[in-house]
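Thanks for agreeing to look this one over with me. Here are my notes, point by point, to read beside the coordinates.

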Amino acid sequence: MAGSNWERIISMTKDGMKSIGMMRRKMSRGKRIALLIDGPNILRKEFGIKLEDIVEALEGLGDLRVAKVVLNQYAPQGLIEAVSNQGFDTMVVSGETGVKLAVEAMREIYNPNIDAIAIATRNAEFLPVILKAKEKGKETIVLGIEPGFSAALKHAADYTIILNPKGDEE
């Protein structure tokens, strides 16, 4: 497994049995990233984007220190559980998810322990958040998917990542 971010963990149980598992190695790559995901805009069934796809896209840029997904009250219980099981902070709001995402983004912009703000969305309403983050010296990353990925967001961010659905057999 040379070059892998995984390491094999072998431990002995109380009854002398070997337990073998895998654990993701913490690699220090410099940037401390806060990831905020606009759930209703990105985690749609028709796009087929998984949280792992988003995390994988950010791996080369730094370490995730904050990972939050904002969902609305219409999100299925299965999605809420899946997001939580992936280790993301799940926020379910009644009403507009954009307001909660913007508030959380501003909290991370002023967090001295965060170097970069990553927002997964297609919506241009987050352009002021990206501009404020840059003004405060944070690097900005926008992750989105076509169709409907805002050109303004693509051009304003320091890094733009266009996600491609995986496993689309149709």
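Which residues have the most contacts inside the largest nonpolar core?

1. They are Ile-37, Ile-54, Ile-141 and Leu-143, and the core they belong to has 26 residues. Several elements feed into it: strand 3 (32-38), helix 2 (51-58), strand 4 (63-72), helix 3 (77-85), strand 6 (116-120) and strand 7 (139-144) each supply at least two residues. Apart from this core lies another, of 20 residues, including Val-70, Ile-119, Ala-133 and Ala-157. As a general reminder, nonpolar side chains in soluble globular proteins tend to be buried together.

2. A word on confidence before we go further. This is a predicted model, and the protein chain averages a pLDDT of 81, with 79% of the residues scoring at least 70. Residues 1-5 have a pLDDT below 50, and that stretch has 11 contacts in the model beyond near neighbours in sequence. Residues 22-28 also fall below 50, with 18 such contacts for the stretch. Where pLDDT is low, the predicted coordinates should not be read in detail.

3. Now for the sheet. Six strands form an open sheet in the order 5-4-3-6-7-8, with parallel pairing. Strand 5 (89-93) and strand 8 (159-162) are the edge strands, each pairing on one side only. From one strand to the next, the twist averages 15°.

4. Strand 7 deserves a closer look. It runs parallel to strand 6, and five bridges join the two. Along this pairing, Ala-116 stands opposite Glu-139, and Ile-117 stands opposite Thr-140. Five of the six residues of strand 7 are buried, so the strand is largely enclosed by the rest of the structure.

5. What does Ile-141 touch, leaving aside its neighbours within four places in sequence? Its contacts are Ile-33, Leu-58, Leu-61, Ala-116, Ile-117, Ala-118, Ile-119, Tyr-159 and Ile-161. Ile-141 is also one of the residues with the most contacts inside the largest core.

6. Two helices are worth viewing against the sheet. Helix 2 lies across strand 3, strand 4, strand 6, strand 7 and strand 8, and runs at about 150° to strand 3. Helix 3 packs on the sheet too, where it touches strand 4 and strand 5; its direction makes about 150° with that of strand 5.

7. Which residues of helix 2 are buried? They are Leu-51, Asp-53, Ile-54 and Leu-58. Seen down the axis of helix 2, its buried residues fall within an arc of 160°, so they line one face of the helix. The general background is that an α-helix has 3.6 residues a turn, so residues three or four places apart point the same way.

8. Please check the peptide geometry after strand 7. Glu-146 and Pro-147 are joined by a cis peptide bond, with omega about 5°. Pro-147 is found in the loop between strand 7 and helix 6 (151-156). Most peptide bonds are trans.

9. One last residue to inspect is Ala-151, which lies in helix 6. Ala-151 is partly exposed, with a relative accessible area of 44%. Its C-alpha atom is separated by 8.0 Å from that of Ala-124, and these two residues are 27 residues apart along the chain.

Key: Residues numbered from 1 in each chain as written. Predicted model: local features only at pLDDT ≥ 70, side-chain atom pairs only at ≥ 80, totals over all residues. Heavy atoms only, no water. pLDDT = per-residue confidence, 0-100. Contact = heavy atoms within 4.5 Å. Core = buried A, V, L, I, M, F, W, Y, C linked by side-chain atoms within 4.5 Å. Buried < 20%, exposed > 50% of the residue type's maximum accessible area, 1.4 Å probe, protein only. Helix = DSSP H or I, 4+ residues; strand = E, 2+ residues; numbered from the N terminus. Pairing = 2+ DSSP bridges. Axes fitted to C-alpha atoms, helices over the stretch in contact; angles between N-to-C directions. Arc of directions from axis to C-beta.
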